[in-house]
Amino acid sequence: MKKIIYIINGPNLNLLGKREVSIYGNTTIHDIERECKQLSLSLNFELIFLQSNSEAQIIEWVHQAINKESDIIINAAAYTHTSIAILDALKVFKGRVVEVHLSDIKNREDFRKFSYISLRADKVFMGEGLKGYLSAIKYLF
Ligand code: DQA
């Protein structure tokens with residue numbers, strides 16, 4: 001059976017390219033999806049690439065992944081720093097969890113330094129922009 005990887009993106013990441021360009025650059029969520037898709041074809045896995053501004057929706061997707069024996073790559077965006085609910089959902093998930101951030105959250109405002117997701121993540125990539133997503137995928141192979 002083909003390996004399944006969920007890539008779950010949180011709030012405001014749909015605005016990449018327009019949003020705080022000095023921090024996040026010109027890369028859009030579609031650029032990220034396209035490059036991840038390309039890698040999924042060469043590595044032969046099923047990619048489920050998702051983005052939502054809703055915490056509830058992100059939790060639902062983690063629940064979906066629980067039933068599919070997949071791995072998860074997650075950029076929970078601002079929910080990274082606030083969401084015990086997403087952390088709790090990830091704790092039920094048995095596969096590997098890779099946390100990704102485009103920016104280096106350890107070198108920004110203090111309120112970004114703590115990540116609930118990191119309490120469950122097997123690996124974290126931050127500060128590499130789009131490349132961080134590709135590193136996360138490669139880490140899972
Ligand atoms: C982010 C960092 C978060 O602090 C922020 O709220 C985001 C994006 C990143 O990818 O660098 O929305 O997760």
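User: In this predicted model, how far is an oxygen atom of the ligand from an N or O atom in the side chain of H81?

Analyst: Happy to help! A polar contact needs a pair of N or O atoms within 3.5 Å. The H81 side chain offers an N or O atom that falls inside this cut-off, and its distance from a ligand oxygen is 2.7 Å.

User: Which residue has a polar side-chain atom 2.6 Å from an oxygen atom of the ligand?

Analyst: Two further side chains are worth a look here. H101 places a polar atom 2.8 Å from a ligand oxygen, so H101 does not fit your value. The residue with a polar side-chain atom at 2.6 Å is S103.

User: How much of the ligand does the protein bury?

Analyst: Good follow-up. On its own, the ligand exposes 320 Å². Its space is the largest pocket, and the share of the ligand's exposed area that the protein buries is 99%.

User: How many charged residues are in the shell around the ligand?

Analyst: Let's go through the shell. Among the residues surrounding the ligand are R19, R108 and R112, and Arg counts as charged. Five residues of the shell are nonpolar and four are polar, while the charged ones number three.

User: Which helix holds both D31 and R34?

Analyst: The whole structure has seven salt bridges. One of them joins the side chains of D31 and R34, with N to O at 3.3 Å. These two residues are three apart, about one turn of the helix, and the element that holds both is helix α2 (residues 29-43).

Definitions and conventions: Residues are numbered from 1 along each chain as its sequence is written. This is a predicted model: local features need pLDDT of at least 70, side-chain atom pairs count only at pLDDT 80 or more; totals for chains, interfaces and linings use all residues. Side-chain values use heavy atoms; hydrogens and water are left out. A residue is near a molecule or strand if one of its heavy atoms lies within 4 Å of it. A polar contact is a pair of N or O atoms within 3.5 Å; within protein, one must be able to donate a hydrogen and the other to accept it, and residues adjacent in sequence count only if both atoms are side-chain atoms. Accessible areas come from the Shrake-Rupley method with a 1.4 Å probe; for residues, only the protein chains shown count as cover. On a 1 Å grid over the protein atoms alone, a cavity is a set of points where a 1.4 Å probe fits but cannot get out, and a pocket is an open set with protein on both sides within 12 Å along at least five of seven lines; lining residues have an atom within 4 Å of a point. A molecule sits in a cavity or pocket if more than half of its atoms lie within 2 Å of its grid points. A salt bridge is a side-chain nitrogen of Lys or Arg within 4 Å of a carboxyl oxygen of Asp or Glu. Helices (H or I, at least four residues) and strands (E, at least two) are DSSP runs, numbered from the N terminus.
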